[in-house]
Amino acid sequence: MKKILFVFALSLALTLSGCGGAGGGASKSINVTLTDFQFSPNTFTVPAGAQISFSATNNGAVQHSFVVMKLDSKVQTHFTEADKANVFWEKLAIQPGQTVTDSFTAPTEPGEYEIVCEVGGHFEAGMVAKLIVVQQP
Ligand SMILES: [Cu+2]
């Protein structure tokens, strides 16, 4: 019985240490707070192609969104109909006081992806962030 417990404890320790080794400071989760009109934090570094668990809390007074644009697709003066075709992933209509969770697969191509809030006027107010996708080591 003691031997079985020891083997179990050993395999548990190996499992736990296996999870801790995410290299390069890249995270597989995004936890963001939305306010009027900011993302906090406003830079997220994730490994290319990784499964990302996403959680967003809206601490603002109005609804917000988290829209990741495709690589090299930057919103110009404001978020337009044309920009909708260049969205990589989005979580829309996050209401004040609400926390939403979801998941998505990070882009496979390393680079800097623009994150915006597509609610009218929010991009203009500076509600912009950055998703940095890094190659897996
Ligand atoms: Cu917003």
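1. Let's start at Lys 130, which sits in strand β9, spanning residues 128-134. Please keep in mind that this is a predicted model. Lys 130 has a relative accessible area of 35%, so it counts as partly exposed.

2. The surroundings of Lys 130 are worth a look in your viewer. Beyond its neighbours up to four places away in sequence, Lys 130 touches Asn 42, Thr 43, Phe 44, Glu 112, Tyr 113 and Ile 115. Its C-alpha is also 9.6 Å from that of Met 69, although 61 residues separate the two in sequence.

3. Strand β9 also helps to build the largest nonpolar core, a set of 26 residues in which Ile 30, Val 32, Phe 39, Phe 54, Phe 66 and Leu 131 touch the most other members. At least two core residues come from each of β1, β3, β4, β5, β6, β7, β8 and β9. Met 69 belongs elsewhere: a second, separate core of seven residues includes it along with Val 75, Val 87 and Phe 123.

4. For Phe 66, the contacts outside four places in sequence include Ile 30, Val 32, Phe 39 and Phe 54. Trp 89, Glu 90 and Lys 91 are also among them.

5. Now to the metal. The copper ion has His 64 (ND1), Cys 117 (SG), His 122 (ND1) and Met 127 (SD) as protein donors, at 2.0 to 2.7 Å. Along the chain, these donors are spaced as H-x52-C-x4-H-x4-M.

6. Why is the site classed as irregular? The angles among the four donor atoms run from 88 to 137°, and a tetrahedral label needs all angles between 85 and 135 degrees.

7. Two of the donors deserve a closing word: Cys 117 is buried, because its relative accessibility is 0%, and His 122, at 6%, counts as buried too.

Technical notes
Residues are numbered from 1 along each chain as its sequence is written. This is a predicted model: local features need pLDDT of at least 70, side-chain atom pairs count only at pLDDT 80 or more; totals for chains, interfaces and linings use all residues. Side-chain values use heavy atoms; hydrogens and water are left out. Donors are N, O and S atoms within 2.8 Å of the metal (3.2 Å for Na, K and Ca); water is not among the atoms, so sites may look incomplete. Four donors count as tetrahedral if all angles lie between 85 and 135 degrees; four count as square planar and six as octahedral if opposite donors are over 155 degrees apart and all others between 65 and 115; anything else is irregular. Buried means under 20% relative accessible area, exposed over 50%, partly exposed in between (1.4 Å probe, protein chains only). Helices (H or I, at least four residues) and strands (E, at least two) are DSSP runs, numbered from the N terminus. Contact means heavy atoms within 4.5 Å. A nonpolar core is a set of buried Ala, Val, Leu, Ile, Met, Phe, Trp, Tyr and Cys residues joined through side-chain atoms within 4.5 Å.
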